[in-house]
Amino acid sequence: MNVPHWYKNAVFYEVYVRAFYDSSGDGHGDLRGLTQKLDYLQDLGVDCLWLMPTYPSPLKDDGYDIADYCGIHPSYGTLDDFKSLLDAAHARNIRIIMDLVLNHTSDQHPWFQAARADRNSPYRDYYVWSDTDDKYRGARIIFVDTEKSNWTWDPVAGQFFWHRFYSSQPDLNYDNPAVQEEILNVISFWLDMGVDGFRADAVPYLFEREGTNCENLPETHVLLKRLRQFIDENYPGRILLCEANQWPREVRPYFGNDDEFHMAFHFPLMPRIFMSIRRGDAEPIRWVLEQTPSIPNNTQWCTFLRNHDELTLEMVSEEDRQWMWNEYAPDPRMRLNLGIRRRLAPLLDNDRRRIELANSLLFTMPGSPIVYYGDEIGMGDNILLHDRNGVRTPMQWNIGFNAGFSNAGEIYAPVIDNSVFKLREVNVETQHGDPSSLLQTMQRMIAARKKHLTLGCGNLEWLDCGTRSVAAYSRAFRRERLVILNNLSDSQQSVNIKISGQTFTDVLKNKKFEAVNGQLQISLQPYEYLWLEG
């Protein structure tokens, strides 16, 4: 499994363990259940699973509030279950990365409990305290819909503590060398067990300095270079994936000189894919890629359409944010913080053409794609559930009891089954037997994405095709070239591209197209996409 730069041509799959499969009958998905479903993931073609947090936690933030970095929440199983999952995944050539929540812990973590109880405790300096709430006023509040300040008064400690997220998640103090050592120990614990890397949560906020916005500070990069060096020296082949919801130019330093993160999410690209599809105009995608600087050869962007959080609109203008809300979240219940709490299929009105088109863009843009569990079968969402829970409902395996997710009389969240997202159609078993299903289409896309290295490693060149309604570009690497055509509009579009070569073959449907006198002329149906080799 120790293949250098394996992540550049990998397809990732985000798993919410609680939602995937319940092996114990308690109504909650677990590690043993995920292990039992690895054959499905292998057939789908994914190379690496990203697991949402499975640590012990009070679950005020679905596990991102960690109470023990080196354990497993009892509802998910045991450390032995986790090791069995790793072994079974590796036997199928599937890697696993975990969430590493660097910025904060739960207020129930023993470190914080010791810190608040005694000013003289060595753990006091594991967190950031103040006698007033006047410090670091330049730092924005991230959860503007729930938090009024980044400081919260703790009556036991007799001081305010600092938090960039929920008040139940106190920030760690990375100015304390002991905290840095603790995190290195955590990294060692999981990498020694066999984990293939980490998705590092909320990395821009690790340090605080007066007179700044407390984001992307130089001290942060010093720490991250230390973590990367530690991993490279002791665990070669393992990766760090950066979650920094920032502009590409602000994320670029997190790659360093190939000495910080191996990968980073490309947040601003995601909403502009939805903009382009709704407007029938490739310009938003072209514009954001033009704002994206080059990165070191051994690093990679990570692209996505949806994940466990809201569809964030932080990286768009206020005008575009209002437009996105009006177009994609007309019901106020669909909105959360500065985003939209909806799944992929509902966002695209359950229109198979547009769902496939969005995935065509995902799989052919520069970077390695992540698929959110259930989106490969077009699962719906439930806006009646609190917070982000509406996009974290049980995986739908078949048309049986609880969609085959669990045999429990009561499960953690209801299965989606309504007049639009009918369970008899939106489940793995039904779609597995239908060659025309979304699931099998996704399998073919993933197989093609992995076969053609140019989609993971090649450059992108935009092609003049005569209309902005078609996103037309070539991807080239070594001797391979693919020409990608995506009709973003609801009308037929004719394209005319000057190009070298004569015969082009759609790698997804094996349909051939001939260029005549250096001109490739093709008529694209509404929302049609082609991946042409030639």
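1. Aspartate 22 is found in the loop that runs between helix 1 (17-20) and helix 2 (31-36). The model in which this loop appears is a predicted one. With a relative accessible area of 5%, aspartate 22 is buried, because a residue counts as buried when its relative accessible area is under 20%.

2. The surroundings of aspartate 22 deserve a second look. Leaving aside residues up to four places away in sequence, aspartate 22 touches Gly27, His28, Gly29, Asp30, Phe405, Ser406 and Ala408. Serine 130, in contrast, lies 44 Å from aspartate 22, C-alpha to C-alpha, with their positions 108 residues apart in sequence.

3. As to the overall fold, the chain contains 16 helices and 22 strands. For 534 residues, a compact globule would have a radius of gyration near 24 Å, and the value of 23 Å for the chain agrees with this. The C-alpha trace spans about 80 × 55 × 45 Å along its principal axes.

4. Two percentages describe the interior and the contacts of the chain. Of the 534 residues, 63% are buried. Among contacts with a separation of 6 or more, 67% are made by residues 24 or more positions apart.

5. The surface and the charges may be considered together. The accessible surface of the chain is about 20,000 Å², and carbon and sulfur atoms contribute 47% of that area. The chain carries 55 positive and 73 negative charges, and the mean positions of these two groups are 5 Å apart.

6. How many salt bridges does the model contain? The count comes to 36, where a salt bridge requires a side-chain nitrogen of Lys or Arg within 4 Å of a carboxyl oxygen of Asp or Glu. The points that follow take up some of these pairs.

7. Arginine 92 and aspartate 39 form a salt bridge through their side chains, with an N to O distance of 2.7 Å. This pair links distant parts of the chain, 53 residues apart: arginine 92 belongs to the loop between helix 4 (79-91) and strand 3 (95-101), and aspartate 39 to helix 3 (residues 38-44). Both partners are partly exposed, arginine 92 with a relative accessible area of 24% and aspartate 39 with 40%.

8. A salt bridge also joins the side chains of glutamate 181 and arginine 226, at 2.4 Å from N to O. Glutamate 181 is part of helix 6 (residues 177-193) and arginine 226 is part of helix 7 (residues 218-234), so the pair ties together parts 45 residues apart in sequence. Glutamate 181 is partly exposed at 38% relative accessibility, and arginine 226 is partly exposed at 31%.

9. In the salt bridge between aspartate 351 and arginine 353, the closest N and O atoms are 3.0 Å apart. Are its two partners buried or partly exposed? Aspartate 351 is buried, having a relative accessible area of 14%, whereas arginine 353 is partly exposed, having 42%. The student may compare these values with the cut-off: buried means under 20% relative accessible area, and partly exposed covers the range from there up to the limit for exposed, which is over 50%.

10. Finally, salt bridges can join more than a single pair of residues, as one group in this model shows. Which residues are linked in a network of salt bridges? The network consists of Asp62, Asp309, Glu310, Asp387, Arg388 and Arg392.

How values were computed. Residues numbered from 1 in each chain as written. Predicted model: local features only at pLDDT ≥ 70, side-chain atom pairs only at ≥ 80, totals over all residues. Heavy atoms only, no water. Helix = DSSP H or I, 4+ residues; strand = E, 2+ residues; numbered from the N terminus. Buried < 20%, exposed > 50% of the residue type's maximum accessible area, 1.4 Å probe, protein only. Rg over C-alpha atoms; globule rule 2.2 N^0.38 Å. Contact = heavy atoms within 4.5 Å. Areas by Shrake-Rupley, 256 points an atom, 1.4 Å probe, with all protein chains shown as cover. Lys, Arg positive; Asp, Glu negative; His and termini not counted. Charge placed at Lys NZ, Arg CZ, Asp CG, Glu CD.
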